[in-house]
Amino acid sequence: MFTSTGSSGLYKAPLSKGLLIVPSTLSLLLALLFQHYQKFFAYNLQAVKEEFQIWRLVCGRTVCLDLKDTFCSSLLIYNFRIFERRYGSRKFSSFLLGSWMLSVLFDLLLVEAVEYSFDISINSLPSGFLGPIFALFIPFYCSIPRVQVTQILGQFSITNKTLVYILGLQLLTSGSYIWIVALSGLISGMCYSSHVLKVYRVLCVPSGMARIFAWTVEPIFSSAEPSNEIRVGMGATVDIQRQQRMELLDRQILMSQFAQIRRQRQQQASAAIQDDRGVSRGGMINWNRLFPPLRRRHDANYQDNRQTEHEGLPPAEVSEEQVARLMEMGFSRIDALEALRASNNDLNVATNFLLQH
């Protein structure tokens with residue numbers, strides 16, 4: 001329920017891995033061994049405004065001094081790694097950089113507004129990489145589809161995004177003035193994601209710097225591709241283990257078939273350009289009907305009824321709502337249709353297809 005989409009681990013997410021390791025390690029060292037250095041990482045707004053200690057913005061908005069905030073923010077960064085896989089490390093780092101800079105500005109503006117409106121003096125705010133983390137809730141809310149997992153008392157739905165929102169709420173209630181950091185992060189996320197303001201064209205990581213980091217830092221934090229093996233629960237019977245392995249093989253076949261569909265479409269498009277003639281495109285093939293799940297092959301009547309099933313069943317209908325959700329995530333309509341048809345209209349499986357191919 002925690003991972004919204006994609007496989008587990010930090011494969012193709014070196015920046016997320018670095019954000020998990022470096023700030024968390026510094027936070028633990030400051031909390032356990034070097035308490036006398038914590039004053040240098042405090043987010044002291046009074047020192048920034050009166051003494052122009054700009055370096056406090058960098059130190060105070062990078063490392064959490066509260067271990068509870070460190071734990072919650074690390075879990076949220078791990079979940080938000082899906083955006084680095086989808087957009088690439090450069091675009092993901094550009095979003096983090098842009099939202100970090102914008103949230104600094106909104107922090108100062110909100111503090112001034114609160115002090116002016118309520119006559120309250122705010123000298124410091126909670127430290128840590130909190131602004132960009134709250135900013136990531138904007139694309140998470142807009143682009144990650146909500147899939148129901150279960151229900152509580154028959155009325156309250158639990159989705160694949162519920163735990164993430166609970167972690168965000170826990171982080172929001174961990175301090176007295178953290179709501180200012182959260183609000184500034186959300187506003188910066190909306191401003192950076194807005195196609196009207198087009199802030200992402202100005203606040204971005206230069207391509208030259210991205211290449212330098214790709215050559216030097218990325219090999220340090222890169223992770224190996226996760227294994228395709230599935231976990232078998234303790235005490236599982238032989239039938240359950242066999243069923244789990246069959247389901248794994250089903251997913252592998254579906255993914256290979258979907259990759260074959262995309263290769264064929266690309267070959268047809270290139271052939272059409274080279275021959276300067278159109279290539280007729282028939283209806284999409286429902287690969288699940290050509291290659292039914294392996295766990296059904298033990299049925300004795302399967303071999304006799306395979307041809308009838310293939311010829312008699314109509315093509316699967318694709319939900320336009322699910323197509324629209326995939327298109328909102330940045331995929332083309334053709335890819336969305338192919339993925340949904342290949343996965344029998346399973347939105348999670350189709351999303352994994354498109355993210356991994």
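The lining of the second largest pocket, to begin there, is made up by class of 20 nonpolar, four polar and four charged residues, where Ala, Val, Leu, Ile, Met, Phe, Trp, Tyr, Cys and Pro count as nonpolar, Asp, Glu, Lys and Arg as charged, and the others, Gly among them, as polar. I should say at once that this is a predicted model, in which local features need pLDDT of at least 70 and side-chain atom pairs count only at pLDDT 80 or more, while totals for chains, interfaces and linings use all residues. Residues are numbered from 1 along each chain as its sequence is written, and side-chain values use heavy atoms, with hydrogens and water left out.

Pockets and cavities were found on a 1 Å grid over the protein atoms alone: a pocket is an open set of points with protein on both sides within 12 Å along at least five of seven lines, a cavity is a set where a 1.4 Å probe fits but cannot get out, and lining residues have an atom within 4 Å of a point. Grid points are joined across faces, edges and corners, and a volume is the space filled by probe spheres set on the points.

On that basis the second largest pocket holds about 900 Å³ of space, and of the 28 residues that line it, Leu15, Leu19, Ser93, Leu96 and Phe213 lie nearest its centre. At least two lining residues come from each of helix 1 (14-32), helix 6 (89-118), helix 11 (207-216) and helix 12 (218-221), and helix 1 has the largest share, with seven residues. Helices here are DSSP runs of H or I with at least four residues, strands are runs of E with at least two, and both are numbered from the N terminus.

Let me turn to the enclosed space. There is one cavity of 30 Å³ or more by this rule, and about 80 Å³ of space lies in the largest cavity. Its lining consists of Leu19, Pro23, Ser24, Thr62, Val63, Cys64, Thr70, Ser73, Ser74, Ile77, Phe129 and Ile133. Helix 1 and helix 4 (67-79) are the elements that give two or more residues to that lining, with helix 4 giving the most, four residues. By class, the lining of this cavity has seven nonpolar, five polar and no charged residues. Leu19 appears in the lining of the cavity and also among the residues nearest the centre of the second largest pocket.

As for the chain as a whole, the protein has 18 helices and four strands, and buried residues, meaning those under 20% relative accessible area, with exposed over 50% and partly exposed in between (1.4 Å probe, protein chains only), make up 39% of its 357 residues. Of the contacts (heavy atoms within 4.5 Å) with a separation of 6 or more, 73% join residues 24 or more positions apart.

The largest nonpolar core, a set of buried Ala, Val, Leu, Ile, Met, Phe, Trp, Tyr and Cys residues joined through side-chain atoms within 4.5 Å, has 59 residues, of which Leu76, Phe80, Phe83, Leu125 and Leu326 touch the most other members. Helix 6 provides the largest share of this core, 10 residues. Phe83, leaving aside residues up to four places away in sequence, touches Gly88, Phe92, Leu136, Pro139, Phe140, Ser143 and Ile144.

The expected span of a helix is 1.5 Å times one less than its number of residues, so the 30 residues of helix 6 should span 44 Å, and the 42 Å between its end C-alpha atoms agrees with that. Helix 10 (178-193), with 16 residues, reaches 22 Å from its first C-alpha to its last, close to the expected 22 Å. The buried residues of helix 10 pack against helix 6, strand 2, helix 7, helix 8 and helix 9, while those of helix 9 pack against helix 4, helix 7, helix 8, strand 4 and helix 10. In helix 9 the buried residues are Thr162, Val164, Leu167, Gly168 and Leu171.

Finally, the backbone. Most residues other than glycine have a negative phi. Where, then, does Asp119, with its positive phi of about 55 degrees, lie? Asp119 is in the loop between helix 6 and strand 2 (124-125), and it counts as exposed because its relative accessibility is 73%. Phe52 also has a positive phi, near 55 degrees, and is found in the loop between helix 2 (45-51) and helix 3 (55-60); at 65% relative accessibility, Phe52 counts as exposed.
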